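Good morning, and thank you for making time for this item. I would like to take the group through a few local features of one model, beginning with the structure on the screen.

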Amino acid sequence: MRITMVGTGYVGLVSGACFAEFGHDVVCVDKDESKTARLLRGEIPIYEPGLDQLVADNVRAGRLSFTTVLADAVPGSAAVFIAVGTPSRRGDGFADLTYVYAAAEEIARTLDGYAVIVDKSTVPVGTGRQVQRIIRETRPDADFDVASNPEFLREGSAIEDFMRPDRVVIGTTSDRAREVMRALYRPLFLLETPIVMTTLETAELIKYAANAFLATKITFINEIADVCERVGADVQDVAKGMGLDGRIGKKFLHAGPGYGGSCFPKDTRAIAQSARQAGAPLRLVETVIAVNEERKRAMAERVVAAAGGSVDGATIGVLGVSFKPNTDDMREAPSLDIIPALQQAGATVQAFDPAAVHEATKLLPDVRWCSDAYEAAAGADVLVLLTEWNEFRALDLERVRSLLARPIVVDMRNVYRQAEMTAAGLTYHSIGRASIAD
């Protein structure tokens with residue numbers, strides 16, 4: 001089956017490559033000539049484990065190709081996916097749908113037969129109906145249906161999430177469109193993957209509701225971590241005890257510096273704004289947004305407290321700046337709040353990240369970038385573990401102690417235990433396991 005994927009960002013490129021792996025003929029379209037040129041040369045513009053090999057294999061097999069010309073891709077396609085960006089709109093937090101609507105209008109002009117136009121981008125409720133209206137107005141004679149097929153890809157494990165998803169959500173009221181979408185996902189039937197068939201509006205809301213709930217779960221355990229520090233409890237044991245309850249589950253109960261990335265921040269803002277416009281405000285989600293922003297800002301204060309109340313003139317080593325491991329994504333990463341706050345307080349920051357330095361350099365000026373974790377520790381008054389990359393999980397702690405100017409470690413991901421840090425001669429501060437004041 002021929003597929004057109006409009007947009008080669010994170011969602012479009014991963015989805016396009018995975019559909020090609022399913023055996024479909026996929027053409028990925030992007031107006032960014034430099035990005036498309038890189039893809040044609042076999043260069044992957046984003047960091048995602050395994051994606052480079054997956055793209056290379058399917059290009060070699062002739063199932064995956066790239067172009068900047070939409071009219072070269074759409075004719076003959078059974079499905080045209082819209083996978084363009086929907087960033088938060090400045091001023092009100094609502095999703096900016098400019099690129100979605102522009103893509104719909106251009107797709108309409110290139111249709112030459114029946115096709116399902118699929119919203120793959122994360123979009124507010126009602127977007128599918130608007131896409132339908134735009135195409136109909138642009139091409140009254142077009143033969144098409146619109147469907148919503150939200151993505152649930154976690155950065156760092158996106159290929160596995162696509163190939164072995166918890167569920168596939170498809171929103172459309174057209175039997176014809178349902179059959180096309182079932183055919184696209186047929187390889188998953190062998191795995192008995194749940195396929196949720198519903199309406200456009202419901203599918204659009206499922207995505208936002210899921211992300212808002214997960215963001216709430218993260219924010220909840222972060223606040224419980226603060227309670228743990230005050231009463232002498234261990235947040236990791238609390239999370240374990242909670243997570244063993246089948247009604248709650250263990251995922252997304254890891255205390256840390258707050259959520260970031262491409263999805264949770266903008267999706268919580270978008271659903272909150274949509275709900276307010278609908279006259280049904282989501283007060284819980286609005287609180288989650290506020291608490292998360294406050295938490296990221298407060299993390300710098302923890303580092304200052306660990307240093308004895310001041311970092312003026314101090315050197316701070318930072319391990320990891322991407323919003324999570326196994327990605328180079330810097331969008332709304334906690335580091336973007338923490339590092340500038342430390343610099344403003346008078347500190348010099350030296351940092352290392354295994355993948356995100358290229359992106360981080362644009363966003364974090366005046367940081368000295370290091371070649372590994374030990375260089376980031378060298379001469380530092382405080383070492384901050386900010387992103388839990390695997391290579392930071394088994395550091396030579398005695399070597400770290402020998403490199404540090406002062407033996408202070410602030411572990412914002414609870415990778416280590418107090419006993420091993422103490423044994424190495426390090427003063428250790430974690431999240432939700434002991435008050436820094438103690």
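Let me begin with a term: a residue counts as buried when its relative accessible area is under 20%, as exposed when that value is over 50%, and as partly exposed in between. Please also keep in mind that the model is predicted.

By that cut-off F264, at 11% relative accessibility, is buried, because 11% falls under 20%. Its aromatic partner F252 has a relative accessibility of 26% and is therefore classed as partly exposed. The two rings form a tilted pair, with 6.1 Å from centre to centre and 50 degrees between the planes. F252 belongs to the loop between α10 and α11, whereas F264 is part of helix α11, so the pair ties together parts that lie 12 residues apart in sequence. In the whole structure, a search finds 10 aromatic pairs.

F264 brings us to a helix contact, since it is also among the α11 residues that meet α9. How do the axes of α9 and α11 cross? Helix α9 spans residues 200-231 and helix α11 residues 264-277; their axes come within 9 Å and cross at roughly 115 degrees. The crossing is left-handed. On the α9 side the contact is made by L205, K207, Y208, A209, N211, A212, L214, A215 and I218, and on the α11 side by F264, D267, T268, A270 and I271. Sorted by class, this contact comprises 10 nonpolar, two polar and two charged residues.

I turn to other aromatic residues. One aromatic cluster is formed by F19, F22, F81, F162 and Y185. There are also arginines placed over rings. R176 lies over the face of Y114, 3.6 Å from the ring centre. R399 is likewise over the face of Y374, at 3.9 Å from the ring centre.

Next, two buried residues and their surroundings. A351 sits in strand β10, residues 348-352, and with a relative accessibility of 0% it counts as buried. Which residues does A351 touch, leaving aside those up to four places away in sequence? They are V318, V321, V367, R368, W369, C370 and A376. From K217, A351 is 134 residues away along the chain, and their C-alpha atoms are separated by 29 Å.

E155 is located in the loop between β6 and α6. Is this residue, E155, buried or exposed? Its relative accessible area is 6%, so E155 is buried. Again leaving aside residues up to four places away in sequence, E155 touches Y10, E48, S262, F323, K324, P325, T327, D329 and R331. E155 and R109 are 46 residues apart in sequence, with 33 Å between their C-alpha atoms.

Finally, a word on backbone geometry. D366, although not a glycine, has a positive phi of about 70 degrees. D366 is found in the loop between α14 and β11, and at 70% relative accessibility it counts as exposed. N414, another residue other than glycine, has a positive phi near 55 degrees. N414 is in the loop between β13 and α17. Here the accessibility is 6%, and N414 is therefore classed as buried.

To close, I return to F264: this residue is the buried ring of the pair with F252, and it takes part in the contact of α11 with α9. Thank you; I would welcome discussion.

Notes. Residues numbered from 1 in each chain as written. Predicted model: local features only at pLDDT ≥ 70, side-chain atom pairs only at ≥ 80, totals over all residues. Heavy atoms only, no water. Axes fitted to C-alpha atoms, helices over the stretch in contact; angles between N-to-C directions. Helix = DSSP H or I, 4+ residues; strand = E, 2+ residues; numbered from the N terminus. Left-handed = near helix turned anticlockwise from the far one by under 90°. Contact = heavy atoms within 4.5 Å. Nonpolar A, V, L, I, M, F, W, Y, C, P; charged D, E, K, R; others polar. Phe/Tyr/Trp six-rings, centres within 6.5 Å; stacked < 30°, edge-to-face > 60°. Buried < 20%, exposed > 50% of the residue type's maximum accessible area, 1.4 Å probe, protein only. Lys NZ or Arg CZ within 6 Å of the ring centre and 35° of its normal.
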